[in-house]
Amino acid sequence: MTTSSAPGKIILFGEHAVVYGRPALAVPVTQVQATATVSATSRTGIWIEAPDIGLASELSRLVPDHPLAAVINRVFSVLPSPPSPSRSTPAGLPKGEGCTITITSTIPVASGLGSGAAVSVAIIRALSAFLGQPLPDERVSDLAYEVEKLHHGTPSGIDNTVVTYAKPVYFVKTFPSPSRRGIGGEVETFRVGAPFTIVIGDTGLSASTKESVSDVRTLWEADQPRWEKVFNEVGDIVQKARRAIETGNIPALGPLMDENHKLLQEMTVSCAELDQLVETARRSGALGVKLSGGGRGGNMIALVRPDKAEPVAVALMSAGAKRTLITTVKQTSEVA
Ligand code: PMV
């Protein structure tokens, strides 16, 4: 039996502009996780059990572009295994044997916390290890990106990267493969000079990243000079934010978050529910607030002094948030 878990993530700065080659900063959120367990079974075939979504099915009964089928089929297609010994036994499994893949996740779906990428990464790692051919991080990230593309159209690759490497990532989309970045294919991480506290507030509205990305593209196509300028402004904010985080100048981050949110509003990817939570957090003493991820729902993030975390979270719940998480971004990356 093999088990693998992958964290959620938040984008601190730079979403949407990152699709147009500007940098973005993201960190893992380890309090929420997706977990995949693969175990041998005497039944032939690949059995998928995802109790959270009420799914229990054999792989071949799912439509090929089902998110779970897509990732599992990709793992089988890339492993250098001998050809399948029988039609009912996929390559990599002993003849006549099957396996059960159980998937659970505490990451809210369609809310900007990277749930899709985390489920993909957990499955890729657990299944490739079960088949005796564990894949290196770069391949894991590549495969998860392939699946993201199926569902999000033109993703930048930031989600699969931060979720695979589980550390703070300074991300710049590269071509042609978004998973090979930095020198020698290394992901570029950044130092966290001093810990800082973030309250994550969930609007409870599930939002389609594909749609918001496509709407921003429509705006960009209609007036490229204007939007290139906006994306440059976002890029500048990201560089300043990285410097502030690395030097531990946390107070400087707040205004940068506010400016970034304003530009996201200009891109039309905020919404009344997000803006209401953003305003509430500001009024309750947050140092800076913005939406995080694709927008139009999903989550917002508020930078707070540690003693303000609880009051801001409570205020967000009274203003309609469906759930809140308090996280501390630390040097090790991880959010505790
Ligand atoms: O909604 P999320 O967390 O998957 O974030 C999407 C981030 C975007 O920049 C809007 C799109 C992308 O692919 O980078």
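User: How far is a polar side-chain atom of Lys9 from an oxygen atom of the ligand?
Analyst: This is a predicted model: local features need pLDDT of at least 70, side-chain atom pairs count only at pLDDT 80 or more, and totals for chains, interfaces and linings use all residues. Residues are numbered from 1 along each chain as its sequence is written, and side-chain values use heavy atoms, leaving out hydrogens and water. For Lys9, the distance to the ligand oxygen is 2.5 Å.

User: What percentage of the ligand's accessible area does the protein cover?
Analyst: The backbone takes part around the ligand too: a polar atom of His16 lies 2.8 Å from a ligand oxygen, and one of Gly112 lies 3.3 Å from a ligand oxygen. Accessible areas come from the Shrake-Rupley method with a 1.4 Å probe; for residues, only the protein chains shown count as cover. On its own, the ligand has 380 Å² of accessible area, and the protein covers 94%.

User: Which strands stand at the edges of the open sheet?
Analyst: Strands are DSSP E runs of at least two residues, helices are H or I runs of at least four, and both are numbered from the N terminus. Two strands pair if DSSP finds at least two bridges between them. The four-strand sheet is antiparallel, in the order S8-S9-S7-S10. Each edge strand has a single partner, so one side of it lacks a neighbour in the sheet; these strands are S8 (288-292) and S10 (323-329).

User: What angle does helix H9 make with S10?
Analyst: Axes are lines fitted to C-alpha atoms (for helices, over the stretch in contact), and angles run from 0 to 180 degrees between N-to-C directions. Contact means heavy atoms within 4.5 Å. Helix H8 (residues 272-283) lies across S7, S8 and S9, at about 10 degrees to S9. Helix H9 (residues 309-318) touches S7, S9 and S10, and its angle with S10 is about 155 degrees.

User: Which residue's side chain makes a polar contact with the side chain of Thr35?
Analyst: Thr35 lies in strand S2 (residues 24-41). A polar contact joins N or O atoms within 3.5 Å; within protein, one must be able to donate a hydrogen and the other to accept it, and residues adjacent in sequence count only through two side-chain atoms. At 2.9 Å, the partner is Ser5.

User: Is the ring pair of Tyr20 and Trp220 stacked, edge-to-face or tilted?
Analyst: Rings of Phe, Tyr and Trp (its six-membered ring) pair if their centres lie within 6.5 Å; planes under 30 degrees apart are stacked, over 60 edge-to-face, the rest tilted. Here the centres are 5.3 Å apart and the planes stand at 50 degrees, so the pair is tilted.
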